[in-house]
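Work through the exercises below with the structure open. Try each task before reading its solution.

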Amino acid sequence: INTELFDAALTGIRGCTVHGHSLRLDENGMMFDMLQRFVIDKKSGMIKYVKDQVGVPLDSEVKVGKAMDAKWLKAHTTMYHSLVGTGFRDDAEYVEYIQRIHALRVKYGFMPKE
């Protein structure tokens with residue numbers, strides 16, 4: 001997850017629940033997650049995972065980093081390129097990546113043992 005596409009607060013690692021994605025932020029400015037798989041330590045600002053992908057509590061928390069500011073997001077992530085003049089469909093690398101994820105999820109999502 002240590003890539004230019006990952007922001008600890010706005011990118012959630014989710015799993016096989018109906019709550020696999022969100023289109024809103026919570027009260028802390030993080031991507032909303034009904035199962036609260038990841039939380040923010042308000043004292044340090046560190047984002048940490050406390051549950052696995054299906055919402056089962058972890059044996060120990062996993063720290064993934066701090067939230068990035070808007071300036072960093074605009075410069076580094078494809079999600080915000082439309083704010084700086086590049087739309088999603090005009091970004092060939094982004095489209096290729098999303099198509100690959102979609103294909104793999106369809107292909108392997110129904111056959112996890114194969």
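**Exercise 1: Place and exposure of V62**

V62 is part of strand β3, which covers residues 57–66. The model is predicted.

Task: Decide whether V62 is buried, partly exposed or exposed.

Solution. Step 1: take the relative accessibility of V62, which is 41%. Step 2: recall the cut-offs, under 20% for buried and over 50% for exposed, with partly exposed in between. Step 3: V62 is therefore partly exposed, at 41%.

**Exercise 2: Neighbours of V62**

Task: Find which residues V62 touches, leaving out those up to four places away in sequence.

Solution. Step 1: list the contacts of V62; they are I47, K48 and Y49. Step 2: compare V62 with V50, 12 residues away in sequence. Their C-alpha atoms lie 6.8 Å apart.

**Exercise 3: D33**

Task: Locate D33, and state whether D33 is buried or exposed.

Solution. Step 1: D33 sits in the segment that precedes β1 (38–41). Step 2: its relative accessible area is 6%. Step 3: buried means under 20%, so D33 is buried at 6%. Step 4: follow the D33 side chain to the backbone nitrogen of R37, at 2.8 Å.

**Exercise 4: The whole protein**

Task: In what order do the elements run from the N terminus, and what share of the residues is buried?

Solution. Step 1: count 2 helices and 3 strands. Step 2: read the order as β-β-β-α-α. Step 3: of the 114 residues, 18% are buried. Step 4: turn to the accessible surface, about 8600 Å². Carbon and sulfur atoms hold 56% of that surface.

Definitions and conventions. Residues are numbered from 1 along each chain as its sequence is written. This is a predicted model: local features need pLDDT of at least 70, side-chain atom pairs count only at pLDDT 80 or more; totals for chains, interfaces and linings use all residues. Side-chain values use heavy atoms; hydrogens and water are left out. Helices (H or I, at least four residues) and strands (E, at least two) are DSSP runs, numbered from the N terminus. Buried means under 20% relative accessible area, exposed over 50%, partly exposed in between (1.4 Å probe, protein chains only). Accessible areas come from the Shrake-Rupley method with a 1.4 Å probe; for residues, only the protein chains shown count as cover. Contact means heavy atoms within 4.5 Å. A polar contact is a pair of N or O atoms within 3.5 Å; within protein, one must be able to donate a hydrogen and the other to accept it, and residues adjacent in sequence count only if both atoms are side-chain atoms.
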